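Q: Got a minute to go through this one with me? I'd like to talk about the charged pairs and then the DNA side.

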Protein chains: 2
Amino acid sequence: MALSHSILATLVGRAKPLSGYDLAKEFNSSVGFFWKTTHQQIYRELAKLEKEGMLTSELVRQKDRPDKKIYSITDYGRTHLVEWIAEPSVPTPIKEDMLVKMYVGFLVPKEILIGELEQLRDIHKERLRLYHEYEKKYFLDVTKMNMKGKYRYLNLRSGINFEAGHIKWCNEAIEFLKNEFE
Amino acid sequence: MALSHSILATLVGRAKPLSGYDLAKEFNSSVGFFWKTTHQQIYRELAKLEKEGMLTSELVRQKDRPDKKIYSITDYGRTHLVEWIAEPSVPTPIKEDMLVKMYVGFLVPKEILIGELEQLRDIHKERLRLYHEYEKKYFLDVTKMNMKGKYRYLNLRSGINFEAGHIKWCNEAIEFLKNEFE
DNA sequence: TTAAAATATGCAACAAGTTGAATATAGTCT
DNA sequence: AGACTATATTCAACTTGTTGCATATTTTAA
């Protein structure tokens, strides 16, 4: 149930309240690197969180743009978030299409799987490239980072590790398919 | 939408039809290493797949045990599965509680996160140990494996890679938290 | 002897996630 | 002028996933 927690986490780190639209943008970058969702789900969840007292909203009237509702986290929401952090995490259950396909790979010519693995690898390569770019741009000197920055750095390192691992496996599988199958 | 495909994939590799109960057991081991689900969802999905003509069922009456329904994949189901394999895969969207917690780690004492990371690491270590055991037991000589075995081996290698990657990141994060935070 | 585990299937309620569309304004591009 | 992009929110329908419960029999363990 961490969508609500992701939203609370995005709001807790801010001086200024955010609109649903702003949050949706955040979920396309920063927090979106480890929690994916849609704007529809965000709006629905914001309404729920406000009803539960975790958030408060304020209507902002605009002339040149559509009106918006901006949300702030309440003390209750913050407490709830902190309590959730202290609960032990279980790893997210694995669900990976590619592995299901691999499981019955014998149903198709191996070239199909090789092609798919190459595509997957390229997606992960592009992500890794982006993460390395961030690392060079914002995280060159670890000792100079503040608390928040250090935690962001750990998030980034996780992404780098994750993508590099995927690339490694894709390459291993491609080589194996090319060499060990006749 | 790969639950249906996981079920089809589990049935396609068999000479004998399986009951929902048998499938649920499979989803606790082999195919369950990369697709998690519950028996309730399996029964629901089996009914749906039969209605769609992907599966056929047969009622088996038993005296010493409860009666059961056993399912086989149809030609249509098999074709559907093969077509799905050929569609390009996108990586499963990332959703990781621990990373959301890390994102707002500054809200709690670092010892809490270190403790959680150690717990997580131990879970992944235990999985890795199990996978290495499988590797030694069933996959020692790659050249002697048949087609199916080779694909199972690739699945196993993915699991090993995945778990080892997690352990590596957990250790890195633990060290970083211990040393780089004052 | 009582409890539990294993075998076997399913319903119901609810929560979470996906997909498509509707609405409205302002600015930019062709 | 018409199309597209950005801003901003929401509804509706549907699929997928989770949790708790209900039922029934036989074997095994405490």
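A: Sure. This is a predicted model. Start with B:Glu126 and B:Arg129: they form a salt bridge, with the closest N and O atoms 2.9 Å apart.

Q: How far apart in helix 6 of chain B are B:Glu126 and B:Arg129?
A: Three residues, within helix 6 (residues 110-138) of chain B, so about one helical turn separates them.

Q: And B:Glu126, buried or exposed?
A: In between. B:Glu126 is partly exposed, at 42% relative accessibility. B:Arg129 is partly exposed as well, at 40%.

Q: OK, what does B:Arg157 meet in a salt bridge?
A: The side chain of B:Glu135, at 3.1 Å, N to O. That pair links distant parts of the chain. B:Arg157 sits in helix 7 (residues 147-180) of chain B and B:Glu135 in helix 6 of chain B, 22 residues apart.

Q: Is B:Arg157 buried or exposed?
A: Buried. Its relative accessible area is 19%, and the cut-off for buried is under 20%. B:Glu135 is buried too, at 16%.

Q: Which residues do salt bridges with shared partners join into one network?
A: A:Glu126, A:Arg129 and A:Glu133.

Q: How many salt bridges over all chains?
A: The structure holds 24. One of them is between the side chains of A:Glu118 and A:Lys178, at 3.9 Å, N to O.

Q: Which parts does the A:Glu118 and A:Lys178 pair tie together?
A: A:Glu118 lies in helix 6 (residues 110-138) of chain A and A:Lys178 in helix 7 (residues 147-180) of chain A, so the pair ties together parts 60 residues apart in sequence. A:Glu118 is partly exposed, with a relative accessible area of 28%. A:Lys178 is also partly exposed, at 44%.

Q: Switching to DNA. Which residues come nearest to strand C?
A: Of the 22 residues around DNA strand C, the nearest are A:Met1, A:Gln41, A:Asp64, B:Tyr21 and B:Lys69. Sugar and phosphate make up 57% of the strand C atoms that come within 4 Å of the protein.

Q: What lies 3.2 Å from a phosphate oxygen of strand C?
A: A polar side-chain atom of A:Lys48 does. A side-chain N or O atom of B:Gln62 is also 3.2 Å from a phosphate oxygen of the strand. A:Asp64 uses a backbone N or O atom, 3.5 Å from a sugar or linking oxygen.

Q: Which elements give two or more residues to that surface?
A: Helix 3 (39-51) of chain A, plus helix 2 (20-26), helix 3 (39-51) and strand 3 (68-73) of chain B.

Q: And by class? 
A: The surface near DNA strand C has nine charged, seven polar and six nonpolar residues.

Terms used:
Residues numbered from 1 in each chain as written. Chains lettered and ligands numbered in written order. Predicted model: local features only at pLDDT ≥ 70, side-chain atom pairs only at ≥ 80, totals over all residues. Heavy atoms only, no water. Salt bridge = Lys/Arg side-chain N within 4 Å of Asp/Glu carboxyl O. Helix = DSSP H or I, 4+ residues; strand = E, 2+ residues; numbered from the N terminus. Buried < 20%, exposed > 50% of the residue type's maximum accessible area, 1.4 Å probe, protein only. Near = heavy atom within 4 Å. Polar contact = N/O pair within 3.5 Å; in protein donor to acceptor, adjacent residues only side chain to side chain. Nonpolar A, V, L, I, M, F, W, Y, C, P; charged D, E, K, R; others polar.
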